[in-house]
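Q: I'm new to this structure and would like a close look at one part of it. Could you take me through the charged pairs, and then show me what sits around them?

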Amino acid sequence: MKKYNEIIKELREDRDKTQLEIAKLLQTDQSYYSKYERGVRALPMEHLITLCKFYGVSADYILGLPDDLEYPKK
């Protein structure tokens with residue numbers, strides 16, 4: 001199972017974005033965002049939400065949670 005820091009890096013690279021571009025989206029410094037991708041700093045909830053909306057994926061996907069979790073589905 002991949003960790004979220006690996007997933008956010010893959011998402012960024014798949015869309016040909018730089019760390020600086022994503023850092024600006026999150027209104028933070030590139031060096032700070034780099035720490036999220038390296039797993040040095042925890043990703044704040046508000047940044048998780050912004051990245052989900054930007055990439056068009058669920059929080060479960062970014063967090064690396066399996067699809068077969070039991071919870072109310074619509």
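A: Let's start with Arg 12 and Glu 13, whose side chains meet in a salt bridge at 4.0 Å, N to O. Keep in mind as you look that this is a predicted model. The two partners sit in different surroundings: Arg 12 counts as buried because its relative accessible area is 8%, under the 20% cut-off, while Glu 13 has 42% and is partly exposed.

Arg 12 has another partner too. Its side chain also meets that of Glu 37 in a salt bridge, this time with 2.5 Å from N to O. Here the pair ties together distant parts of the chain, with Arg 12 in helix H1 and Glu 37 in helix H3, 25 residues apart. Both Arg 12 and Glu 37 are buried. Through shared partners, the salt bridges join Arg 12, Glu 13 and Glu 37 into one network.

As for why such pairs turn up, side chains of opposite charge can pair when their charged atoms come close. The count for this structure comes to 3 salt bridges. One of them is between Lys 2 and Glu 10, whose side chains meet at 2.7 Å, N to O. Lys 2 is partly exposed, at 42% relative accessibility, and Glu 10 is partly exposed as well, with a relative accessible area of 31%.

Now stay with helix H3, where Glu 37 sits, and look at its rings. Tyr 33 and Tyr 36 both lie in H3, 3 residues apart, which is about one turn of the helix. They form an edge-to-face aromatic pair, with 6.0 Å from centre to centre and 90° between the planes. Both of these tyrosines are buried. Add Tyr 32 and you have one aromatic cluster made of Tyr 32, Tyr 33 and Tyr 36. The structure holds 3 aromatic pairs.

Another of those pairs brings us to Phe 54 and Tyr 55. Their ring centres are 5.0 Å apart and the planes stand at 70°, so this pair is edge-to-face. Phe 54 is partly exposed, at 36% relative accessibility, whereas Tyr 55 is buried, with a relative accessible area of 5%.

Tyr 55 is also one of the buried residues of helix H4, which covers residues 45-55; the full set is His 47, Leu 48, Leu 51, Cys 52 and Tyr 55. Looking down the axis of H4, you'd find these buried residues within an arc of 140°, so they line one face of the helix. Turn to the other side of H4 and you meet Met 45, Glu 46 and Lys 53, which are exposed.

What does the buried set of H4 pack against? The answer is four elements by name: helix H1 (4-14), helix H2 (19-25), helix H3 (30-38) and helix H5 (59-63). That list takes us back to where we began, since it includes H1 and H3, the helices that hold Arg 12 and Glu 37. One last detail lies just after H4: Gly 56 takes a positive phi of about 70°.

Definitions and conventions
Residues are numbered from 1 along each chain as its sequence is written. This is a predicted model: local features need pLDDT of at least 70, side-chain atom pairs count only at pLDDT 80 or more; totals for chains, interfaces and linings use all residues. Side-chain values use heavy atoms; hydrogens and water are left out. Buried means under 20% relative accessible area, exposed over 50%, partly exposed in between (1.4 Å probe, protein chains only). Helices (H or I, at least four residues) and strands (E, at least two) are DSSP runs, numbered from the N terminus. The arc is that of the directions from the helix axis to the C-beta atoms. Contact means heavy atoms within 4.5 Å. Rings of Phe, Tyr and Trp (its six-membered ring) pair if their centres lie within 6.5 Å; planes under 30 degrees apart count as stacked, over 60 as edge-to-face and the rest as tilted.
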